[in-house]
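Subject: The structure I mentioned, with notes

Dear colleague,

Here is the structure that I promised to hand over. Please open it beside this message, since my notes follow below.

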Amino acid sequence: MSTKIRLKDTIIYQIATNILSHYECPSDCPAHCCKAKTIEMDAIDLKELSNVSKAKTEDLDFRVTNSTTYYSLKNPCPFLSESGKCGAYEYRPTICRIYPFNTSPEPGMFTIDPCKMGIIILCDLYKHMMEIEKESVPEHVYIALKECSDIFERNKGIAYNVTGFGFSIEYLKIFSDYLNSK
Ligand code: SF4
Ligand code: SF4
């Protein structure tokens with residue numbers, strides 16, 4: 001029996017989905033996440049997605065890490081509808097459920113991409129962090145966020161050369177609890 005822990009079973013997933021339950025994607029976003037990002041999934045995610053369309057899950061890239069195979073759909077995602085909505089919403093892969101959160105190669109860390117919703121979350125995060133410190137967010141932080149957001153939008157989420165903003169799981173848990181308490 002496999003003892004591998006799936007992303008969906010981790011605290012990371014719980015925290016990210018809870019935070020995201022407090023936000024919505026702005027309606028003017030052209031779904032960069034579904035057009036430009038690598039949508040990587042494990043075999044269970046892939047099986048669930050293939051319930052929607054087996055044909056659309058046949059053109060895949062894959063990699064093997066620690067004897068686990070991860071699959072990725074080619075861009076743009078074949079499940080993205082012409083209206084810009086997910087055509088497999090109930091069965092979408094785990095990584096789609098937490099975007100703009102991403103796992104980080106650094107243990108205990110998350111990253112957040114500065115897409116339209118990511119920037120809103122990042123601004124709230126910094127405000128909350130500074131409230132804890134009883135200070136205001138320095139202007140240069142907003143300027144840096146705006147620049148990153150502009151780069152992200154200009155490059156349609158593709159040639160994005162600024163890595164996502166990193167936060168510890170501990171801090172995001174505090175922020176997640178704070179959102180629940182509001
Ligand atoms: S997660 Fe970000 S990139 Fe994806 S649709 Fe929402 S705002 Fe756009
Ligand atoms: S499965 Fe849905 S949410 Fe995920 S990338 Fe494709 S269209 Fe977007």
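In which helix is isoleucine 151 found? Isoleucine 151 is found in helix H6, and I begin there, with the reminder that this is a predicted model, so that each statement below concerns a prediction.

**Three residues of H6**

Isoleucine 151 counts as partly exposed, because 14 other C-beta atoms lie within 10 Å, and a residue is called buried at 20 or more and exposed at 12 or fewer. In space, isoleucine 151 and histidine 32 are 13 Å apart, C-alpha to C-alpha, although 119 residues separate them in sequence.

Phenylalanine 152 also has its place in helix H6, which runs over residues 139-154. Is phenylalanine 152 buried or exposed? Phenylalanine 152 is buried, because 25 other C-beta atoms lie within 10 Å. Between phenylalanine 152 and proline 114 there are 6.7 Å in space, C-alpha to C-alpha, while in sequence they are 38 residues apart.

Glutamate 147, which lies in helix H6 as well, is exposed, because it has 12 other C-beta atoms within 10 Å. Glutamate 147 and valine 137 are ten residues apart in sequence, and their C-alpha atoms are 16 Å apart in space.

**Helices H5 and H7**

For helix H5, which has 17 residues, a span of 24 Å should be expected at 1.5 Å a residue, and the end C-alpha atoms are 25 Å apart, which agrees. The buried residues of H5 are Gly118, Ile119, Ile121 and Leu122. Why do they lie on the same side of H5? They do so because they cover an arc of only 160 degrees around the axis. These buried residues of H5 pack against H1, S5, H6 and S6, whereas the face of H5 turned away from the buried side carries the exposed residues Lys127 and Glu131. Just after H5 comes lysine 134, which takes a positive phi of about 60 degrees.

Helix H7, residues 169-181, can be read in a similar order. It has 13 residues and reaches 18 Å from its first C-alpha to its last, close to the 18 Å expected at 1.5 Å a residue. In H7 the residues Leu172, Phe175 and Ser176 are buried, and because they cover an arc of only 100 degrees around the axis, they are placed on the same side of H7. On the other side of H7 you will find Glu170, Asp177 and Ser181, which are exposed. The cover over the buried residues of H7 includes H1, strand S5 (109-112), H5 and strand S6 (165-168).

**The two ligands**

Which residues are around ligand 1? They are Cys25, Pro26, Cys29, Ala31, His32, Cys33, Tyr99, Pro100, Cys115, Lys116, Met117 and Gly118. Two elements, helix H2 (32-36) and helix H5 (116-132), give two or more residues each to this shell, and H5 gives the most, with three residues. By class, the shell around ligand 1 divides into nine nonpolar, two polar and one charged residue. Two residues met earlier return here, since His32 and Gly118 both belong to the shell around ligand 1.

Ligand 2 is surrounded by Cys34, Ile39, Cys77, Phe79, Leu80, Cys86, Ala88, Arg92, Pro93 and Cys96. The shell around ligand 2 divides into nine nonpolar residues, no polar residue and one charged residue.

**The two domains**

How is the protein chain divided into domains? The domain assignment gives domain 1, made of residues 1-37 and 99-182, and domain 2, made of residues 38-97. The centres of domain 1 and domain 2, taken over C-alpha atoms, are separated by 21 Å, and the contact takes 13 residues from domain 1 and 15 residues from domain 2. On the side of domain 1 that touches domain 2, helix H1 (11-20) and H2 each supply at least two residues, and H2 gives the most to that side, with three residues. By class, that side of domain 1 has seven nonpolar, one polar and five charged residues.

When you go through the structure yourself, you might start with helix H2, which gives residues both to the shell around ligand 1 and to the side of domain 1 that touches domain 2.

With best wishes

Note on methods. Residues are numbered from 1 along each chain as its sequence is written. Chains are lettered from A and ligands numbered from 1 in the order in which they are written. This is a predicted model: local features need pLDDT of at least 70, side-chain atom pairs count only at pLDDT 80 or more; totals for chains, interfaces and linings use all residues. A residue is near a molecule or strand if its C-beta atom, placed from the backbone, lies within 6 Å of it. Helices (H or I, at least four residues) and strands (E, at least two) are DSSP runs, numbered from the N terminus. Ala, Val, Leu, Ile, Met, Phe, Trp, Tyr, Cys and Pro count as nonpolar, Asp, Glu, Lys and Arg as charged, and the others, Gly among them, as polar. Domain bounds come from an automatic or database domain assignment. Two residues are in contact if their C-beta atoms, placed from the backbone, lie within 7 Å. The expected span of a helix is 1.5 Å times one less than its number of residues. The arc is that of the directions from the helix axis to the C-beta atoms.
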